[in-house]
Amino acid sequence: MKKRMIILFKILISTVILFNLTGCWNANELNTLPIVVGIGIDKAPSDEEVQVVAQIIKPQELQGSLGSSDGGGEAYWNLTSTGETIFDAIREMTHESSGRLYTAHNQIIVIGNKIASEGVQKYLDFFMRAHETRPNTLIVISSNTSTEILDTKPELTRIPAESITRLSEAQEIQSHSKKVTFQDFTNYLMSKTTSPVAPLITSLKDKETSTLKIEGMAIFKGDQMVGQLDESESRGLLWVTGDIKTGALVVPYKNEVVTLEIINAKRKITPKIQGDNIYIHVEIKEEGKIVEQTSKENLATLQDFEELKKVQNEAIKSEILSALNKAQELNTDIFGFGEEIHKKYKEEWKEISSNWDKIFPSIEVEIEIQSSIDSTGKISHPAVPQSLE
Amino acid sequence: MNIKEGKINNSQLMFLVASFMLGTSTFIHFMDTIAFHDSWLAILTAFVICIPFVLCYSALAKRFQGKDLIQINDIIYGSFLGKIISILYIVYFFLLLSLNLKGLGDFYVGYVMPETPKPVFIIIFALVCAYTVGHGLEPMARISHLTVTYAIFVITGTFLLLYSEVDFTNFLPIFELPIKDFIQSVHIVAAIPFCEVMVFLMVMPSLNNFGEVNKYMLLGFALGALCLLVISVRDTSVLGTSSFISNNAAYQTVRIIEIGEFFTRIEIVVAMGITICLFIKICVLYYITLASIAQLLKLKSYKTLIIPIGGIAIIIAFIAYDSIVSHNYSAKNYHVFYTIPYQFIIPPVSLLIAKLRRLPKRKGRELI
């Protein structure tokens with residue numbers, strides 16, 4: 001009898017627990033969750049406050065994207081809100097949205113031009129602390145406001161934030177810009193000497209179409225944007241930082257032009273301190289191939305290849321030099337030369353780091369380029385009548 | 001009288017030690033704010049420094065076969081002084097138990113389920129530990145194989161997945177740290193994850209064979225230290241300077257993993273590893289606290305103590321520090337000094353006295 005009572009009691013307890021402790025403490029159901037895929041930060045019109053745009057996806061609109069050409073309305077909703085701080089503004093959004101914004105799937109943070117020139121660190125602090133932010137979130141700088149970027153309706157995808165993400169990931173194809181993640185940017189901000197860079201994005205709008213374009217990179221001094229690199233200068237930077245994946249290199253050759261594709265590139269930076277002088281030796285090894293030529297002459301000869309290599313070296317060198325000039329002009333160590341010196345000369349570093357702003361503009365950089373051309377594509381000669389000599 | 005139930009073998013001891021040390025991996029990140037990219041060097045130095053101490057613990061256990069720390073204290077220091085030292089040790093064990101419970105709560109609230117109140121995790125976890133401890137030492141020792149295997153699997157797996165992100169130049173320049181900071185960070189590593197294995201003086205008496213205790217104790221210690229070293233190397237090489245401001249660099253590192261667009265967000269795997277290693281650690285500490293109190297009070301079994309001690313430990317875990325800042329501050333500045341006598345002074349002195357006085361003496365088959 002006693003045994004049976006105990007069993008009954010246990011069943012009772014289990015039933016009570018079963019109905020009371022059914023779910024998670026803060027369960028979020030997917031259908032009620034406003035999923036944020038992009039965040040933009042701007043100065044509010046009043047200039048005192050900060051304005052945050054959250055791009056929220058509308059899943060029901062996304063479903064129509066495969067079948068019908070027009071799935072009704074837009075698949076996203078840009079929710080704007082202002083506040084004294086980022087977190088304040090994001091929480092203010094609950095006045096308009098039906099639930100707490102879920103930012104764990106945020107793919108991109110777009111920083112408006114004004115914020116960038118003012119200094120970004122204080123605006124990114126919240127994202128570094130928030131447990132939902134992923135370190136792989138991308139950072140782009142808008143040439144105007146971030147609202148404008150997130151409002152540009154893309155052609156290939158239905159959500160602007162997704163198209164910006166793909167766009168910045170596609171930059172490695174031409175190597176005129178590179179993607180910068182939240183993680184990279186944090187490391188930049190924590191460096192004493194390295195100046196942060198981030199891709200610069202513009203919205204090109206006319207009456208009918210609107211597209212987004214990444215053109216070059218924004219340069220920061222500390223956390224303030226001070227200038228920008230155009231496309232070839234950006235590639236000059238990427239040569240030195242070792243971020244070149246592939247790209248087209250158009251070089252003049254014998255009054256015509258030859259297009260070379262970058263296949264592989266490596267770099268090595270060696271700082272040298274001799275007495276009071278600091279040298280940076282940049283060594284670049286590149287492999288390319290001929291993908292296009294305008295002349296009718298056959299370039300697949302040993303002699304032409306030797307010449308082309310030299311021209312190729314010059315082209316790479318001029319890209320690097322243009323980036324270097326820009327960086328020295330703005331006194332921004334975007335290449336991370338300071339850190340390279342730090343890694344090699346820890347004793348001298350204390351003095352150098354405090355004077356880095358004086359040293360960097362006049363630092364001597366030796367550029368050594370060893371490039372090679374390894375193939376000519378599917379054809380060796382251009383398609384012109386061949387003479388049988 | 002023997003209050004300890006069950007016997008463990010040498011390899012179980014080894015995995016128990018390694019698992020115990022891995023349980024601390026989340027709690028030593030504040031060391032990075034002192035040692036920066038030289039953390040790995042601090043870990044390596046602390047490892048070398050701690051080897052003699054670990055050998056001293058196992059030598060003590062081997063010399064007094066089957067006697068636990070409380071009994072050893074009685075034999076060496078006499079029943080009065082021995083009791084005082086034992087009480088101090090019990091307070092130390094108990095504090096470790098509470099602080100580790102608190103650490104678990106902090107980790108869950110900070111990273112896994114941020115809006116759930118901390119007591120929920122601490123109480124549920126303590127209940128599971130109480131259940132385990134109620135079954136004695138053997139079950140813990142048996143599952144420690146599994147926890148260490150899982151931890152090693154996660155550590156190597158994440159390292160391989162992060163291979164493309166690894167940048168070993170993050171460690172340059174080597175040894176940039178001022179010597180004072182270096183000593184401080186070595187001390188932290190030695191005191192918090194490494195020489196805490198001193199608590200195994202309460203576990204080792206349950207060994208079924210004392211022949212190779214030195215070897216297995218050292219192997220377990222080396223395995224645990226190696227895992228901590230690999231974790232530190234992985235975090236610094238992947239995250240670079242930003243790992244130094246992170247409250248939990250290991251978790252942040254794993255968040256970077258992204259293979260394609262689908263193999264991502266696997267940090268929960270790490271959270272599971274941290275949880276199960278902490279589970280072993282807290283169970284061991286729980287068991288040790290109970291066993292030492294029971295031994296001191298000469299109880300027949302420690303089982304009556306499970307609920308009261310667990311309850312007090314939970315309460316202390318709630319009220320221990322008012323913020324993570326004060327917790328880290330005190331761990332960095334007070335806790336490491338507080339542990340010096342327990343880890344670095346009393347065990348070697350005990351061993352020395354035992355050698356000089358040729359203890360333990362034998363009376364028939366009993367050690368006295």
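In this predicted model, D47(A) is partly exposed, its relative accessible area being 42%. The side chain of D47(A) forms a salt bridge with that of K114(A), with N and O separated by 3.9 Å. This pair connects distant parts of the chain, since D47(A) belongs to the loop between β1 (36–43) and β2 (50–57) of chain A, whereas K114(A) belongs to helix α4 (residues 113–118) of chain A, 67 residues apart. K114(A) has a relative accessibility of 55% and therefore counts as exposed, the cut-off being over 50%.

A second salt bridge within chain A is made by the side chains of K326(A) and E233(A), at an N to O distance of 3.2 Å. Because K326(A) is part of helix α10 (residues 302–330) of chain A and E233(A) is part of helix α9 (residues 231–241) of chain A, the pair ties together parts that are 93 residues apart in sequence. E233(A) is buried, with 12% relative accessibility. Over all chains, the structure holds 24 salt bridges.

In chain B, the side chains of R142(B) and E138(B) meet in a salt bridge with an N to O distance of 3.6 Å. Both residues belong to helix α6 of chain B, where they are four residues apart, or about one turn of the helix. An α-helix has 3.6 residues a turn, so residues three or four places apart point the same way. R142(B) is partly exposed at a relative accessible area of 48%, and E138(B) is likewise classed as partly exposed, at 29%. Elsewhere, K43(A), E118(A) and K122(A) are joined into one network by salt bridges that share partners.

Helix α6(B) itself comprises 25 residues (residues 137–161), which at 1.5 Å a residue should span 36 Å; the C-alpha atoms at its ends are 36 Å apart, in agreement with this expectation. The helix nevertheless contains a kink of about 30°, centred on S144(B). S144(B) is also one of the buried residues of α6(B), which further include L137(B), M140(B), A141(B), T147(B), V148(B), A151(B), V154(B), I155(B), T158(B) and F159(B). The buried residues of α6(B) pack against α1 (10–22), α5 (118–134), α8 (213–239), α9 (249–255) and α10 (267–296) of chain B.

The size of an interface is often given as the accessible area lost when the parts come together. Between chain A and chain B, about 2,100 Å² is buried, 47% of it on carbon and sulfur atoms. Chain A contributes 19 residues to the contact and chain B contributes 26 residues. Two salt bridges are counted between chain A and chain B, one of them formed by R134(A) and E267(B), whose closest N and O atoms are 2.8 Å apart. In addition, 17 residue pairs are in polar contact between chain A and chain B, with both residues at pLDDT 80 or more. On the side of chain A that touches chain B, the elements giving two or more residues are α8 (182–190), α11 (337–344) and α12 (346–354) of chain A. Of the elements on this side, α8(A) gives the most, with four residues.

T186(A) lies in helix α8 of chain A and is buried, with a relative accessible area of 9%. Apart from neighbours within four places in sequence, T186(A) is in contact with M128(A), S242(B) and I245(B). On chain B, P173(B) is located in the loop between α6 and α7 (179–194) and is buried at 3% relative accessibility. When neighbours within four places in sequence are left aside, P173(B) contacts H342(A), K343(A) and K346(A) as well as H37(B) and D38(B). P173(B) and D38(B) are 135 residues apart along the chain, yet their C-alpha atoms are separated by 8.8 Å.

A contrasting relation between sequence and space is found in strand β12 (residues 364–375) of chain A, to which E366(A) belongs. E366(A) and E351(A) are 15 residues apart in sequence, but their C-alpha atoms lie 23 Å apart in space. E366(A) is partly exposed, with a relative accessible area of 29%, and, residues up to four places away in sequence not being counted, touches K272(A), Y279(A), I280(A), H281(A) and V282(A).

Conventions. Residues are numbered from 1 along each chain as its sequence is written. Chains are lettered from A and ligands numbered from 1 in the order in which they are written. This is a predicted model: local features need pLDDT of at least 70, side-chain atom pairs count only at pLDDT 80 or more; totals for chains, interfaces and linings use all residues. Side-chain values use heavy atoms; hydrogens and water are left out. The expected span of a helix is 1.5 Å times one less than its number of residues. The bend at a residue is the angle between axes fitted to the seven residues ending there and the seven starting there. Buried means under 20% relative accessible area, exposed over 50%, partly exposed in between (1.4 Å probe, protein chains only). Contact means heavy atoms within 4.5 Å. Buried area is the accessible area (1.4 Å probe) that two parts lose on being put together, summed over both. A salt bridge is a side-chain nitrogen of Lys or Arg within 4 Å of a carboxyl oxygen of Asp or Glu. A polar contact is a pair of N or O atoms within 3.5 Å; within protein, one must be able to donate a hydrogen and the other to accept it, and residues adjacent in sequence count only if both atoms are side-chain atoms.
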